[in-house]
Amino acid sequence: MRNHKKLLQFLRPDPAVAAASDDGCSPLPSPTTTSGSASTSATASPSPYVALPWVNLPGLGAGAALTAGAADETGLLGSFVKEDGHVYSLAAAGDLLYTGTDSKNVRVWRDRREFAGFQCGSGLVKAIVVAGDGRIYTGHQDGKIRVWRASADDPAVHKRVGSLPKLGDFLRSSVRPSHYIETRRRHSSVWLRHFDAVSCLSLDADAGLLYSGSWDRTFKVWRVSDSRCLESVRAHDDAVNTVAAAGFDALAFTGSADGTVKVWRREDGKGGATRHVMERVLRKGESAVTAIAVAAEARVVYVASSDGAVTHWQWRRGADRESAPRNGGALRGHKMAVLSLAVAGRVVVSGSADRTISVWRRDEGADHSRLAVLSGHTGPVKCVAMDEEESVDADGHRRWVVYSGSLDGSVKVWRVSDAPGAMTARTPAHVWKGTPSPLGAWTPYRAPERS
């Protein structure tokens, strides 16, 4: 969700935050008393970042954080670490940042400190999306989708307000034999519940739909207004790793460990029902598809894969359904699998198992320039999010804030500028052109074992 003031909110002084418990979730310890939280140096400095509760990780060096005089440079603003294990998911919404880990914790960050936190009952948090009405959807290893909302009385308190599917819907389906599907050998499950890990979530706000993808090889379509499951689609021959609502032409995309990307068109029926029909197979390859991101205004779709490439296609405006999208080639800036993608305007961010983040800017046609390589994580970069800042510098150069979560247990906040010479020594600028994607070649990457 776009919000131009996100970075400024992170750097603004924060009032005291109260922590309270509720019946729907377990509050997490205060960051001021948690031993896993480290603070920056208290020495005097003109930098507005020195008071941040984030820590510089080993290998970054003392000069890695930007100073006030280098506000337009590209580089690290700060990082925060909790003893929560691997960071698998994050979502930015307004002035809040949500992070999910394999310790079942969801932490909420605001301004200069940890604002709130809640613990899910079971299942590591693999995906987080935030709806415009404030509801927070989390996808879990145990196959469940949980729904949360901040308390109206105390926004630091988050309560669980439901799950998908709703208990009543599940019970009504469970007594009907026709609503069971075969899952594994001699096992069956009710069709409207995922029976394996929920790996991804995507919200189509205009259509009022939530898409969930799972290792059970299906994606499901949920109506946000009443939390009803409208459809379950057996989409792939292997795990669904990513799903993305296009935001144009009623399209949705799914990517799988089977190496394919499929394009689905939504057909609306009576009573708000939907039917998704596969329009085309966009990609086939031996390398697993790991992430999909869509630049809706430009109608460009980016696909990340385990061969280290980010391939992109563009849908032409006004073209008929039979017209194939234009393949712009592949962005190759990583040595290992690309695990995560995010898009804001013309800028694309890719996080990789090689522990780096590449920042690309879409130029004319299919050409892309690589603005920076962000280094500092000590583990694979599992999730990224970004947004454009509202302000520009005196020369009209634009800046973005990038959030990255890693299996090293840290979340980092970066600034990226497209100003010439704004790149620091650790983030050199290079220009890369789109090249044909070698879909047959890939870099071996061992995915985490399922549990």
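**Exercise 1. Work out how strand β7 is joined to strand β8, and what the hairpin looks like.**

Start with the pairing: β7 and β8 (residues 136–140) run antiparallel and are joined by five bridges. Keep in mind that you're working with a predicted model. For one concrete rung, take V125, whose bridge partner in β8 is H140. Next, look at the turn: five residues lie between the strands of this hairpin, and among them G134 has a positive phi near 95 degrees. Last, check the cover on β7 (residues 125–130): six of its six residues are buried, so the strand is mostly covered, with buried meaning under 20% relative accessible area.

**Exercise 2. Classify the ring pairs F80–W109 and F219–W264, and say which parts of the chain each ties together.**

The model has six aromatic pairs by the 6.5 Å centre-to-centre rule. In F80–W109 the centres sit 3.9 Å apart and the planes meet at 40 degrees, so call this pair tilted. Now place the two residues: F80 belongs to strand β2 (residues 75–81) and W109 to strand β5 (residues 105–110), so the pair ties together parts 29 residues apart in sequence. F80 and W109 are both buried.

Move on to F219 and W264. With 5.2 Å between centres and 65 degrees between planes, this pair is edge-to-face. F219 sits in strand β15 (residues 218–223) and W264 in strand β19 (residues 261–268), so here the parts tied together are 45 residues apart in sequence. Both F219 and W264 are buried. To finish, add Y211: ring pairs link Y211, F219 and W264 into a cluster.

**Exercise 3. Find the residue that lies over the face of F115.**

Look at R110: this arginine lies over the F115 ring face, 5.1 Å from the ring centre.

**Exercise 4. Describe the largest nonpolar core, then find a second one.**

Begin with the membership: the largest nonpolar core has 17 residues, and V349, V359, L374, M386, W400 and V416 have the most contacts inside it. Then map it onto elements: β25 (338–344), β26 (347–352), β27 (356–362), β28 (368–375), β29 (381–388), β30 (399–406) and β31 (410–417) each give two or more residues.

Zoom in on V416. Leaving out residues up to four places away in sequence, V416 touches T74, V359, L371, L374, R398, R399, W400 and V402. As for the second core, this one is separate, has 16 residues, and includes A91, L96, A116 and I128. As background, nonpolar side chains tend to be buried together in soluble globular proteins.

Key. Residues are numbered from 1 along each chain as its sequence is written. This is a predicted model: local features need pLDDT of at least 70, side-chain atom pairs count only at pLDDT 80 or more; totals for chains, interfaces and linings use all residues. Side-chain values use heavy atoms; hydrogens and water are left out. Rings of Phe, Tyr and Trp (its six-membered ring) pair if their centres lie within 6.5 Å; planes under 30 degrees apart count as stacked, over 60 as edge-to-face and the rest as tilted. Helices (H or I, at least four residues) and strands (E, at least two) are DSSP runs, numbered from the N terminus. Buried means under 20% relative accessible area, exposed over 50%, partly exposed in between (1.4 Å probe, protein chains only). A charge sits over a ring if NZ of Lys or CZ of Arg is within 6 Å of the ring centre and within 35 degrees of the ring normal. A nonpolar core is a set of buried Ala, Val, Leu, Ile, Met, Phe, Trp, Tyr and Cys residues joined through side-chain atoms within 4.5 Å. Contact means heavy atoms within 4.5 Å. Two strands pair if DSSP finds at least two bridges between them.
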